[in-house]
Amino acid sequence: MRKKLLALSLLFCSSIAWSVEETDITISGWGGNDVVVVNKLIKEVLAEDLTKEKLNIKYMAVEGDFSQFITNALSSGTAPDIFYFDVLLSNALINSGKVAANNQQLTSVSNSIIPVLNEAFSLKGKQYGIPKDFNTIALQFNKDIFDDAGVAYPTNDDSWDDLRNKLLAIKKTLPNETEGICVMPDYARFAPFALATGWKPLNQNGKTVLDEKFERAFNFYTDLVIKDKVGIMAADLGQSWGGGCFGTEKTAVALEGNWISGYLRDKAPNLAYGSTLLPKDPLSGERGNLLFTVAWGVNAESKNIEAAQRAVELLTSQKAQEWVLTSGLALPSREALGNTDFFTTKTAESELAKNVFDGALNGHVKPYSFGHFGASWATPINEALTSVLLGQLSQKEAIKMAQDKYTALESK
């Protein structure tokens with residue numbers, strides 16, 4: 001009896017020791033579909049790996065404004081161990097000192113990540129967090145519209161002029177049936193054209209200069225509406241974004257990221273579409289693109305910082321990213337996964353995903369972030385685009401207005 005009690009006692013003590021060794025890690029991100037995705041990743045895909053590392057991860061979803069939540073939580077010392085780290089907030093959060101710089105293990109992981117993604121979360125030679133997925137902009141085209149017009153499909157070799165000429169040919173053949181493209185008065189859609197010229201949002205002195213390169217891209221983009229008459233504003237078609245124009249088959253092409261894939265699957269399941277990389281600037285011969293990305297960031301004040309960094313290593317592992325990709329949920333940040341079988345399947349969705357993935361590897365690619373200025377930096381350009389597309393100002397007047405606003409902004 002005494003031996004039995006001793007054995008039970010040892011077993012009980014062993015179980016306590018095991019539970020003490022396990023580390024609880026809290027992570028926060030968006031609500032909605034992310035709740036299902038992240039919990040499945042934790043509880044099924046990475047379950048054995050987390051058990052081996054003695055990590056117990058709990059996902060805390062934020063249904064409201066996540067940017068406001070994480071900013072307040074880090075400031076008040078109530079932030080989770082790991083959190084979504086949007087590229088738009090990267091500069092502000094890194095400079096706050098609240099995000100831990102990558103340790104040696106995470107630095108090793110970053111060597112497998114698409115380089116431009118790492119740059120988006122780096123400052124003064126240090127990287128903070130590991131990009132978990134991303135989006136860029138690609139071109140989508142309606143095959144039926146091009147076929148009906150007898151116009152060749154867009155290709156990866158097209159320049160801006162090629163795209164414009166193809167849209168002009170469609171409008172000439174089908175003048176009352178379709179528009180060429182919904183032109184959005186938004187930096188997020190215009191920027192790839194400006195970046196293709198070699199223009200930079202912030203120069204080496206941290207200033208915004210709307211030079212001749214910017215002007216050339218601005219004129220091409222707005223001329224699609226005001227001169228070439230192949231473009232139209234989404235609101236004029238009763239839509240709020242280019243994907244809505246395209247999905248209702250009111251335009252021949254669209255400029256969207258991989259997010260349009262799910263929308264078309266649900267709202268336009270019979271639409272036959274293809275996709276390409278963005279057209280090249282005919283002068284520079286280069287493409288441009290914007291990078292929309294989120295990293296897993298580690299709370300610099302976490303009591304379990306080493307365990308949190310081990311968790312990030314698993315969350316961005318090849319196993320985790322392969323599952324996310326094949327589930328059709330997001331594009332992986334690991335460069336090697338560009339050669340995965342998923343991208344070779346002959347479907348519109350996989351083709352689009354591949355073009356969005358390759359968009360981060362081609363030409364002048366910049367993150368959707370603007371240093372310490374934050375999201376408001378894009379406002380002068382957005383206003384300039386709107387004023388021209390609505391016929392309120394000439395292109396030169398609009399650019400001057402925007403430049404004056406940047407000069408005033410930088411003087412504060």
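About 40 Å³ of space lies in the second largest cavity of this predicted model. The lining of this second largest cavity is made up of Trp160, Pro192, Phe193, Ala196, Leu278, Pro279 and Gly288. Helix H10 (residues 187–196) provides the largest share of that lining, with 3 residues. By class, the lining of the second largest cavity holds 6 nonpolar residues and 1 polar residue, and no charged residue.

In total, 2 cavities of 30 Å³ or more were counted. For the largest cavity the computed volume is about 40 Å³. Its lining consists of Ile181, Cys182, Met184, Arg189, Tyr221, Gly242, Leu255 and Glu256. At least two residues of the lining of the largest cavity come from strand S8 (179–182), and at least two from S10. Charged residues are present in the lining of the largest cavity, which divides into 5 nonpolar, 1 polar and 2 charged residues.

The nonpolar interior was examined next. The largest nonpolar core comprises 70 residues, and Ile27 and Phe85 are those with the most contacts inside this core. Among the secondary structure elements, helix H14 (residues 305–315) gives the most to the largest core, namely 6 residues. A second core, separate from the largest, has 59 residues, including Phe146, Leu163, Leu210 and Ala378. The surroundings of Phe85 were also listed, with its neighbours within four places in sequence left aside. On that basis, Phe85 is in contact with Ser90, Leu93, Ile94, Val99, Phe121 and Tyr128, as well as with Thr293, Val294, Ala295 and Gly297.

Backbone geometry was considered for two loop residues. Lys54 is not a glycine, yet its phi is positive, at about 60°. The loop that contains Lys54 runs between helix H3 (47–52) and strand S2 (55–62). Lys54 has a relative accessible area of 23% and is therefore partly exposed, the cut-off for a buried residue being under 20%.

A positive phi of about 60° is likewise found at Glu249, which is not a glycine either. Glu249 is placed in the loop between helix H12 (242–247) and strand S10 (251–256). With a relative accessibility of 40%, Glu249 counts as partly exposed, because exposed residues are those over 50%. Strand S10, which follows the loop of Glu249, is also one of the strands that supply at least two residues to the lining of the largest cavity.

Definitions and conventions: Residues numbered from 1 in each chain as written. Predicted model: local features only at pLDDT ≥ 70, side-chain atom pairs only at ≥ 80, totals over all residues. Heavy atoms only, no water. Core = buried A, V, L, I, M, F, W, Y, C linked by side-chain atoms within 4.5 Å. Buried < 20%, exposed > 50% of the residue type's maximum accessible area, 1.4 Å probe, protein only. Helix = DSSP H or I, 4+ residues; strand = E, 2+ residues; numbered from the N terminus. Contact = heavy atoms within 4.5 Å. 1 Å grid on protein atoms, 1.4 Å probe; cavity = no way out; pocket = protein on both sides within 12 Å on 5 of 7 lines; lining within 4 Å. Points joined across faces, edges and corners; volume = space filled by probe spheres on them. Nonpolar A, V, L, I, M, F, W, Y, C, P; charged D, E, K, R; others polar.
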